[in-house]
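Reader: Could you take me through one part of this fold at close range? I would enjoy a connected account rather than a list.

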Amino acid sequence: NNNNNMIDSQNQDNNKLLSFPSRLYDLLEDAEVRGYSPIISWQKEGRSFKIHNVQEFADKIMPSSFSQTKLKSFQRQLNMYGWKKVQIGPNKGGYYHRDFIR
């Protein structure tokens, strides 16, 4: 159906217009509904997020949500926007930014 193709195309165009942090926030907020929570989700306290399955994240989520397929590119964007990887404690392996809160 042409209508659905137009809508999908518009959604992809709108997604490209959103900033990286906005796209990431929307992805995390919708992760459970979209079935992505085993792949990426907020961590318990809502002040960081974690990629639980790097390969599935790169294969299934990155191309449509971030128009890229390489995890290194995604990590570079995280670094560029000021995210830090959590090195110790219960959120180890997650990504934290002081202004990025659920």
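Reader: Let's look at helix α3: at which residue does it bend, by about how many degrees, and which proline follows within four residues?

Author: Happy to! This is a predicted model, in which local features need pLDDT of at least 70 and side-chain atom pairs count only at pLDDT 80 or more, while totals for chains, interfaces and linings use all residues. Residues are numbered from 1 along each chain as its sequence is written, and side-chain values use heavy atoms, leaving out hydrogens and water.

The bend in α3 is at K60 and comes to about 40 degrees, with P63 as the proline that follows within four residues. Bend here is the angle between two fitted axes, one through the seven residues ending at a position and one through the seven starting there. Helices (H or I, at least four residues) and strands (E, at least two) are DSSP runs, numbered from the N terminus. The end-to-end span of α3 is worth a look too: its end C-alpha atoms lie only 14 Å apart, whereas a straight helix of 13 residues would span 18 Å at 1.5 Å a residue. That expected span is 1.5 Å times one less than the number of residues.

Both ends of α3 have something to show. At its start, a side-chain oxygen of N53 comes within 3.3 Å of the backbone nitrogen of Q55. Just past its end, S67 adopts a positive phi of about 50 degrees. Along α3, the buried residues (under 20% relative accessible area, with exposed meaning over 50% and partly exposed in between, for a 1.4 Å probe and protein chains only) are F57, A58, I61, M62, S65 and F66.

Helix α4 (residues 71-80) is a neighbour of α3, and its own buried residues are L71, S73, F74, Q77 and L78. These lie on the same side of α4, because they cover an arc of only 165 degrees around the axis; the arc is taken from the directions from the helix axis to the C-beta atoms. In general, an α-helix has 3.6 residues a turn, so residues three or four places apart point the same way. The buried residues of α4 pack against α3 (54-66), and also against α2 (20-30), β2 (48-51) and β4 (95-96), with contact meaning heavy atoms within 4.5 Å. K72, R76, N79 and M80 are exposed on the other side of α4. Just after α4, G82 also has a positive phi, of about 95 degrees.

Terms used
A polar contact is a pair of N or O atoms within 3.5 Å; within protein, one must be able to donate a hydrogen and the other to accept it, and residues adjacent in sequence count only if both atoms are side-chain atoms.
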